[in-house]
Amino acid sequence: MMRNRKIWTPRGLSSAALLTVAGVALGWLCVRTTIAEVLPADSATLSQVGASSPETVLARATTALVQRKGILDDRTLAEVRRAALAAPLDARAFLILGHQQLLDEQPDRAVATLEAGQRLDPRQRLIHLLLADRYLRSGRYDDAALQFALLSRLVGSTRGPIADAMAQMSLAPETRNAMRHTLRGDPRLEREVFTVLAQSDTPPATLFALASPTAQRDAANKESWGQPLVQRLIAQGQYADARAAWRRIYRPPAGEADATIVNARFGQPLNIPPFDWKLVAGGAGAADIRNGALTVDYYGRDNGDLASQLLLVRPGRYRFDFTIDGGKAANATGLFWTLACAAKGDRSLMNIPVTVRAARRRVGTDLVVPNDCPAQTLTLRGEAAEFPTPVNVTIRDLSLRPLERQP
């Protein structure tokens, strides 16, 4: 799926505009139906059976349906009607004629035609979509839910276009309530639709209003839509909205939701970045929260971040400090706490070494957060020296507190 896509919200959906509503999704589904359904009209296979055969006519008309975005000329439609009489068991004729009846504002006839085509070929994906749309508009929610469930199973791992189309319908006034009702019967599909919406420009308030209680609870799961929403808002520079969405989705413990540094005392790990610790275990080293402390093993060979967290600190003067327990590398400095503006090319605000000595001690420094720095990244970083020196250290009780204004 594309990131940060815009979801078009139409004001007046109609059955005649379904291919536009679904956009690329429906075209994609058309082109990727079976080869027989979209075989080019000039293919060698069709040439062998004759230009006027039902197979050739229906294949050519199906291809034109896609290429012309659902608009067929009178001659093509007449050929399709003749082909339907000659090949009454070919579902493509019912698809094309049913769609034309939708364009002609004959929804009852269209539904009957499409349902007949579906009985002939239950795997015809476009028929599923057209029927699902009509069922939604006529309040046949159970039938619509069944159509989308069957369609999502038919396309298997390529369900993205289905979710895209349903996301558009979820925002449209005419189908919003119907889609909400339909999605609540399929939590798996609801997750995919909300992931699309989370990655679009849909406002968070709209998303939460649309989400069922199940979807709101599911947002906190790792593979669900909560993290894409928070990351999208951060990428757009909407840091306050991102923090508010993060609080609503993950419900951090009391006292942590608005903390300057979340879990600054390294209590029970929350595991809900970016407004909480993102801990790394890799080639540079490893950081872990244990027993009320951050335990760090830095191998000293490569540069790399070991722990980080996104902060929303207001402009002003601050004091940052922390406690270092004794470590194995006496007087070694390979670790640094850094603070940088998240939206200003990582402009550095602080770089304080974590110098390991035998005894526990408190270390700190003063810093200034400027007015044009709405979000900051606090990072524990390892930087390799000319001769690698492993560092093992325990860090406790981080603090970032404002200083009184100087006279």
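# Exercises on strands, a cavity and unusual backbone angles

Strand E4 (residues 304–311) and strand E9 (residues 376–382) are antiparallel and are joined by 7 bridges. The model is predicted, so to speak of a local feature a pLDDT of at least 70 is needed, side-chain atom pairs count only at pLDDT 80 or more, and totals for chains, interfaces and linings use all residues. Residues are numbered from 1 along each chain as its sequence is written, and side-chain values use heavy atoms, with hydrogens and water left out.

**Exercise 1.** Place strand E4 in its sheet and state which strands are at the edges.

*Solution.*
- Step 1: Terms. Helices (H or I, at least four residues) and strands (E, at least two) are DSSP runs numbered from the N terminus; two strands pair if DSSP finds at least two bridges between them.
- Step 2: The order of this open sheet of 5 strands is E1-E4-E9-E6-E7, with antiparallel pairing.
- Step 3: Strand E1 (278–279) and strand E7 (348–353) are the edges, each pairing on one side only.
- Step 4: Towards E9, Leu310 has Thr377 as its bridge partner. Towards E1, the antiparallel pairing of E4 has 2 bridges, and Ser308 in E4 stands opposite Lys278.
- Step 5: Of the 8 residues of E4, 7 are buried (under 20% relative accessible area; exposed is over 50%, partly exposed in between; 1.4 Å probe, protein chains only).

**Exercise 2.** Describe the sheet that contains strand E3 and strand E10.

*Solution.*
- Step 1: This open sheet has 5 strands in the order E2-E3-E10-E5-E8, paired antiparallel.
- Step 2: Its edge strands, E2 (285–290) and E8 (361–369), each pair on one side only.
- Step 3: From one strand to the next, the twist averages 30° (axes are lines fitted to C-alpha atoms, for helices over the stretch in contact; angles run from 0 to 180 degrees between N-to-C directions).
- Step 4: Between E3 (residues 293–298) and E10 (residues 391–402) there are 5 bridges, and Leu294 stands opposite Ile395 in E10.

**Exercise 3.** Which residues line the largest cavity?

*Solution.*
- Step 1: A cavity is a set of points on a 1 Å grid over the protein atoms alone where a 1.4 Å probe fits but cannot get out; lining residues have an atom within 4 Å of a point.
- Step 2: There are 4 cavities of 30 Å³ or more, and the largest has a volume of about 50 Å³ (the space filled by probe spheres set on the points, which are joined across faces, edges and corners).
- Step 3: The lining consists of Ser170, Arg176, Met179, Arg180, Leu183, Val193, Phe194, Leu197 and Leu210.
- Step 4: Helix H12 (176–183) and helix H13 (187–199) each supply at least two of these residues; H12 gives the largest share, 4 residues.
- Step 5: By class, 6 are nonpolar (Ala, Val, Leu, Ile, Met, Phe, Trp, Tyr, Cys and Pro), 2 charged (Asp, Glu, Lys and Arg) and 1 polar (the others, Gly among them).

**Exercise 4.** Are Glu105 and Asn263, which have a positive phi, buried or exposed?

*Solution.*
- Step 1: Most residues other than glycine have a negative phi, and most peptide bonds are trans.
- Step 2: Glu105, in the loop between helix H7 (91–103) and helix H8 (107–120), has a phi of about 60°. Glu105 counts as exposed because its relative accessibility is 69%.
- Step 3: Asn263 has a phi near 55° and lies in the loop between H17 and E1. Asn263 is buried, with a relative accessible area of 5%.
- Step 4: Pro274 is found in the loop between helix H17 (239–250) and E1, and the peptide bond from Pro273 to Pro274 is cis, with omega near 15°.

Methods: On a 1 Å grid over the protein atoms alone, a cavity is a set of points where a 1.4 Å probe fits but cannot get out, and a pocket is an open set with protein on both sides within 12 Å along at least five of seven lines; lining residues have an atom within 4 Å of a point.
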